Amino acid sequence: MFIAPDPGRARLRSGSRAVLGIAGAVAAVAAAGLPLPAVVVGGLAALLALFVVADPGPARQAVTTALTPVVAFPVLALAAWLHPYPGARDAAFLAVVFAGVYARRWGPRGHALGVFAFMMFFIAQFLRAGPGLLPELYGAVGLGLGCAALVRFGLWCYERAAAPAPAVSAPQPRGLRRPTTRQAFQAVLAGGIAVAVGQALSEDRWYWAVGTAWWIFVNTTSRGETLVRGFRRVLGTVTGIAAGLAVALPLHGAPAPTAGLVAVCVFGIFYTAPVSYSWMMFFVTVMAGLLYGLLGILHPGLLVLRLGETAVGALGAAVAVLMVLPVTTHAATDAWIRRALQAVHDFTGEAARHLAGGPGHDLARHVAELDVLLERVRAAVAPLVHPLSPLRRRKARARTVLALLDECARQVRGLAEVVADPHACHDERLTAACRRVEIAVRRLVPPGAAGDGAPASVMVSGSHPHADRALEHLRGLEAALSGLAAPLGAAPRPARPAGSV
């Protein structure tokens, strides 16, 4: 959290805008004369809108935000009408879990709408809402979404000045092996365990266990990732409860200091989420304690119960990923590494075409795509490099792979700067170096996993400072790729002739 880079101060701006948007939502709901629980719901709706709506570009984000009431209002009504019927309510909750996870196959918009559907059912359990509360809840959610949209797309739309980050989805095999289908069944089993055991712990707060199980499945693809995420959620909850006992309990729900600390927690959630799940959960847990204090129901036993329900949800997720269509950490890691190498291959071909006189418009896109894929690689290998992992050999190998892939990314960024310079020299040595890099990639991935297009020839020779810098980056890239052969277990294969396809 303290040393992770923040390119373009994106995390700082995201956290600051979230505080502004949620504060506006809370003020608007309170000004409308709605009761305190509705004020909390309005703030949570704004938080969700700012946190989970992640389409590429403000225009798509605005459409997704506008669609959230279409999902939120019917789910709220369903939860409210089924509240007196526990069996039907639980079955409906699990159906919402399945649909919410399954919807992720439609990209960021499906993911965001699925989260909203789940959280609306969750909020109804939190408030024990019946049909009589629906007008207040609809008003609060509408005002919260409206204020979030006003801040995000009107007052502070910093995304307009930045190129949208490339969307990278997991490989999509068909049938039950498709990630969204597999995870939907896993989440339902985890949710079922959470409902059953969570209600045994508490008839009033059982939904905490379901919420834990749900959020553990977000942005995970393998059983190892899911298990590590569950551990980090429990760790963040434990530390958050300790802080809650020290901070939230003594306040006794005092409005002004509670509001100030909630704002700090909101900023912390948004600032740490991209780099540390444990720290994000710390801030979420402290914020939950503060909100319960504001509602007048906070006591030490409630915080201890939250820890127990969190452990139940994490256990349910662990059982589900081990029993239902499990995907090994090795399989998930291997797939993401191959895609990262494919991105290196694509970038090198584009750089060679640009040096040959082509436009090279996609250089920046390829660099951004590689950065996103490396984040997915880091998430996939997290179980292997975790401090508690007993597999020392695999841990060392995974760290070597990460270091070499980071070196690849560093050389790619440097090469992109040189090649994009209008004074970059067209040198035939660069084409040969680009070709060697492409061959090095092919030695690491199966035939056909990377494109086979040969870069265009460059017929200008001679020495130039830009050419020398480009060659230095290409040689560094080739060395890093060669170093990956041993930890990836790639068997050397004879290289193809330079002109073959």
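**Exercise 1. The nonpolar patch**

Find which residues make the nonpolar surface patch of about 230 Å² in this predicted model, and work out whether L67 is buried, partly exposed or exposed.

*Solution.*
- Start with the members: V63, L67 and V70 make the patch.
- Next, place L67 on the chain: you'll find L67 in helix α3, which covers residues 58-82.
- Now check the accessibility. L67 has a relative accessible area of 32%. Buried means under 20% and exposed means over 50%, so L67 counts as partly exposed.

**Exercise 2. The whole protein**

Describe the protein's secondary structure and say what percentage of its residues is buried.

*Solution.*
- Count the elements: there are 17 helices and zero strands.
- Then look at burial: of the 501 residues, 51% are buried.
- Finally, take the outside. The accessible surface is about 21,500 Å², and carbon and sulfur atoms hold 66% of that.

**Exercise 3. The cores**

Work out which residues touch the most other members of the largest nonpolar core, and which helix gives this core its largest share.

*Solution.*
- The largest nonpolar core has 96 residues, and F93, F118, M120 and W215 touch the most other members.
- Helix α5 (residues 107-127) supplies the largest share, with 14 residues.
- Zoom in on F118. Skip its neighbours within four places in sequence, and its contacts are F93, V96, V97, V210, G211, W214 and W215.
- Don't stop there: another core, of 45 residues, lies apart from this one, and its members include L404, V412, V445 and L477.

**Exercise 4. Two salt bridges that link parts of the chain**

Explain why the D55 and R109 pair ties together separate parts of the sequence, then do the same for R413 and D371.

*Solution.*
- Here's the basic idea: side chains of opposite charge can pair when their charged atoms come close.
- In the D55 and R109 salt bridge, the closest N and O atoms are 3.8 Å apart.
- D55 sits in the loop between α2 (36-52) and α3, while R109 is in helix α5, so the pair connects parts 54 residues apart in sequence.
- Compare their accessibility: D55 is buried at 5%, but R109 is partly exposed at 27%.
- On to the second pair: R413 and D371 meet at 2.8 Å, N to O.
- R413 belongs to helix α15 (residues 392-420) and D371 to helix α14 (residues 363-385), so this pair ties together parts 42 residues apart in sequence.
- R413 is partly exposed at 36%, and D371 is partly exposed at 27%.

Definitions and conventions
Residues numbered from 1 in each chain as written. Predicted model: local features only at pLDDT ≥ 70, side-chain atom pairs only at ≥ 80, totals over all residues. Heavy atoms only, no water. Patch = residues over 30% accessible without salt bridge, like charges linked within 9 Å, V, L, I, M, F, W, Y side chains within 5 Å. Areas by Shrake-Rupley, 256 points an atom, 1.4 Å probe, with all protein chains shown as cover. Salt bridge = Lys/Arg side-chain N within 4 Å of Asp/Glu carboxyl O. Helix = DSSP H or I, 4+ residues; strand = E, 2+ residues; numbered from the N terminus. Buried < 20%, exposed > 50% of the residue type's maximum accessible area, 1.4 Å probe, protein only. Core = buried A, V, L, I, M, F, W, Y, C linked by side-chain atoms within 4.5 Å. Contact = heavy atoms within 4.5 Å.
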